[in-house]
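Trainee: Could you walk me through this one slowly? I would like to learn how to read a model like this.

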Amino acid sequence: MLRVIVRGAHNSSAARQALIEKIIRVDHAGELGADRIYAGQLAVLKGSSVGSVIKKMWDEEKEHLDTMEKLAAKHNVPHTVFSPVFSVAAYALGVGSALLGKEGAMACTIAVEELIGQHYNDQLK
């Protein structure tokens, strides 16, 4: 009977660790994407009326990304192998949305922030 309890505890611990790794890896990719979107938007809209707003939001995303970097290091979670692809694609999305004008950039930002908020709420549930 003791073996079953120990084995069950081990499996529970392994399952918990796997879940932590999955959450950190996915959340890191999302924060990396948000960081790169803002970088792309700011590259286009730096001198515009929304440049300072985008810079402020990007600074906040840098803090979020830094937090995810620290969590990944603490839990020894490697970044997704797709990080370079996400980084380039997100930067292109930022540039593309900014080329549509400040309204396009803000529409992209709102959509991304709503999606991230929904994702984190789903994780909490």
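Mentor: Let us start with a term we will need: a helix here is a DSSP run of H or I with at least four residues, and helices are numbered from the N terminus. Please also keep in mind that what you see is a predicted model.

Trainee: OK, so which helix is T109 in?

Mentor: T109 belongs to helix α4, which covers residues 102-124.

Trainee: And is T109 buried or exposed?

Mentor: T109 is buried, because its relative accessibility is 6% and the cut-off for buried is under 20%.

Trainee: What does T109 touch, then?

Mentor: If we set aside neighbours within four places in sequence, T109 is in contact with Y38, Q41 and M57. With Q41 there is also a polar contact between the two side chains, at 3.3 Å.

Trainee: Switching topic: which residues make up the largest nonpolar core?

Mentor: That core has ten residues, namely Y38, A39, L42, L45, V50, I54, M57, W58, A98 and A105. Helices α1 (2-45) and α2 (51-74) each contribute at least two residues to this core, and α1 gives the most, with four. As a general background, nonpolar side chains in soluble globular proteins tend to be buried together.

Trainee: Can we zoom in on L45? What does L45 touch?

Mentor: Not counting residues up to four places away in sequence, L45 touches V50, G51, I54, A98, G101, K102 and A105. Of these, V50, I54, A98 and A105 are listed with L45 in the largest core. There is also a second, separate core of six residues, which includes A34, I37, A90 and C108.

Trainee: What about S83, where is that?

Mentor: S83 sits in helix α3, which runs over residues 83-99. S83 counts as buried because its relative accessibility is 9%, and, apart from neighbours within four places in sequence, S83 is in contact with H28 and L32.

Trainee: Which residues form the nonpolar patch on the surface?

Mentor: The patch is formed by V81, F82, V85 and F86, which together have about 410 Å² of accessible area. F86, for its part, lies in helix α3 and is partly exposed, with a relative accessible area of 34%.

Trainee: Now charges: how many salt bridges are there?

Mentor: The count comes to four salt bridges, and D59 is a good residue to begin with. D59 pairs with K55, where the closest N and O atoms are 2.8 Å apart, and D59 also pairs with K62, where that distance is 3.9 Å.

Trainee: Where do those partners sit along the helix?

Mentor: D59 and K55 are both in helix α2, four residues apart, or about one turn of the helix. D59 and K62 are likewise about one helical turn from each other, because they are three residues apart in helix α2. As for their surroundings, D59 is partly exposed at 31% relative accessible area, K55 is partly exposed at 35%, and K62 is partly exposed at 36%.

Trainee: Which residue forms a salt bridge with K70?

Mentor: K70 meets D66 in a salt bridge of 3.1 Å, N to O, and both residues lie in helix α2, four residues apart. K70 counts as exposed at 55% relative accessibility, whereas D66 is partly exposed at 37%.

Trainee: And which residues are joined into one network?

Mentor: K55, D59 and K62 are joined into one network through salt bridges that share partners.

Technical notes: Residues are numbered from 1 along each chain as its sequence is written. This is a predicted model: local features need pLDDT of at least 70, side-chain atom pairs count only at pLDDT 80 or more; totals for chains, interfaces and linings use all residues. Side-chain values use heavy atoms; hydrogens and water are left out. Buried means under 20% relative accessible area, exposed over 50%, partly exposed in between (1.4 Å probe, protein chains only). Contact means heavy atoms within 4.5 Å. Patches are made of residues with over 30% relative accessible area and no salt bridge: like charges are joined within 9 Å, nonpolar side chains (Val, Leu, Ile, Met, Phe, Trp, Tyr) within 5 Å. Accessible areas come from the Shrake-Rupley method with a 1.4 Å probe; for residues, only the protein chains shown count as cover. A salt bridge is a side-chain nitrogen of Lys or Arg within 4 Å of a carboxyl oxygen of Asp or Glu. A polar contact is a pair of N or O atoms within 3.5 Å; within protein, one must be able to donate a hydrogen and the other to accept it, and residues adjacent in sequence count only if both atoms are side-chain atoms. A nonpolar core is a set of buried Ala, Val, Leu, Ile, Met, Phe, Trp, Tyr and Cys residues joined through side-chain atoms within 4.5 Å.
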